[in-house]
Amino acid sequence: MDTMTKQEIDAVLSDRLPNCTISCMINPDGTLAVTVTGPASEQFTIINIDRLQYHGEEGINKLAREIMEEMVLSRHAPLL
């Protein structure tokens with residue numbers, strides 16, 4: 001994923017998370033920030049994603065899975 005453009009990352013994550021709206025930003029240091037708006041309009045932002053750790057198709061699938069896991073966990077977290 002370290003060689004993909006913002007638009008390519010947006011498209012591939014949107015394909016894997018079809019019920020969500022994805023918006024990515026590549027930071028000057030090369031890390032990735034992803035904002036995901038879920039089907040019920042809840043919004044999640046993940047920052048400082050090291051793109052070097054997500055290689056090829058397997059890496060994209062791993063990132064999509066991790067995003068979904070974080071969304072599920074945050075929905076079940078108690079409000080403070």
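A residue is called buried when its relative accessible area is under 20%. This cut-off is a handy place to start with the predicted model described here, because Asp 10, at 13% relative accessibility, falls on the buried side of it.

The backdrop for Asp 10 is an open sheet of three strands, arranged in the order β1-β2-β3 with antiparallel pairing. The edges of the sheet are formed by β1 (21–26) and β3 (43–49), each of which pairs on one side only. On average, neighbouring strands are turned by 15° against each other, direction ignored. In general, the strands of a sheet pair through backbone hydrogen bonds, and they may do so in a parallel or an antiparallel way.

It helps to walk across the sheet strand by strand. Strand β1 is joined to β2 (residues 32–37) by six bridges, and the two run antiparallel. Within this pairing, Ser 23 stands opposite Thr 35 of β2, while Ile 26 faces Leu 32, also in β2. The strands β1 and β2 make a hairpin with five residues between them, where Gly 30 has a positive phi near 90°. On the other side, β2 and β3 are paired in the antiparallel sense over five bridges. Here Thr 35 has Thr 45 of β3 opposite it. Thr 35 can therefore serve as a landmark in the middle of the sheet, since it stands opposite Ser 23 and opposite Thr 45, and β2 lies between β1 and β3 in the strand order. The hairpin of β2 and β3 also has five residues between its strands, and Ser 41 in the turn shows a positive phi of about 70°.

Two helices accompany the sheet. Helix α1 lies across β1 and β2, running at about 150° to β1. Helix α2 packs on the sheet as well, touching β2 and β3, and its direction makes about 130° with that of β3. Which residues of α1 are buried? They are Ile 9, Asp 10, Val 12 and Leu 13. The cover over these residues includes β1, β2 and α2.

Asp 10, which lies in helix α1 (residues 6–16), deserves a closer look. What does Asp 10 contact, leaving aside its neighbours within four places in sequence? The partners are Ile 22, Ser 23 and Cys 24. With Cys 24 there is a polar link too: a polar atom of the Asp 10 side chain lies 2.8 Å from the backbone nitrogen of Cys 24.

Asp 10 also takes part in one of the two salt bridges counted in the model. Its partner is Lys 6, and the closest N and O atoms of the pair are 2.5 Å apart. Why might these two residues be found side by side on the helix? A general point about helices helps: an α-helix has 3.6 residues a turn, so residues three or four places apart point the same way. Asp 10 and Lys 6 are four residues apart in helix α1, and are therefore separated by about one helical turn. The two ends of this salt bridge differ in their exposure, because Asp 10 counts as buried at 13% relative accessibility, whereas Lys 6 counts as partly exposed at 32%.

The other salt bridge joins the side chains of Arg 16 and Glu 57, with an N to O distance of 2.2 Å. Arg 16 belongs to helix α1 and Glu 57 to helix α2 (residues 56–76), so this pair ties together parts that are 41 residues apart in sequence. Arg 16 is partly exposed, at 25% relative accessibility, and Glu 57 is exposed, at 52%.

Cys 24, met above as a contact of Asp 10, raises one last topic. A disulfide is a covalent bond between the sulfur atoms of two cysteines. How many disulfides does a search of the whole structure find? The result is zero. Cys 20 is in no disulfide, and the nearest cysteine sulfur, that of Cys 24, is 12 Å away. Why is there no bond between the sulfur of Cys 24 and that of Cys 20? The 12 Å between them is too far for a bond, because a disulfide calls for sulfur atoms within 2.5 Å. Both cysteines are nevertheless buried: Cys 20 has a relative accessibility of 12%, and Cys 24 has a relative accessible area of 3%.

Technical notes. Residues numbered from 1 in each chain as written. Predicted model: local features only at pLDDT ≥ 70, side-chain atom pairs only at ≥ 80, totals over all residues. Heavy atoms only, no water. Buried < 20%, exposed > 50% of the residue type's maximum accessible area, 1.4 Å probe, protein only. Polar contact = N/O pair within 3.5 Å; in protein donor to acceptor, adjacent residues only side chain to side chain. Contact = heavy atoms within 4.5 Å. Salt bridge = Lys/Arg side-chain N within 4 Å of Asp/Glu carboxyl O. Pairing = 2+ DSSP bridges. Axes fitted to C-alpha atoms, helices over the stretch in contact; angles between N-to-C directions.
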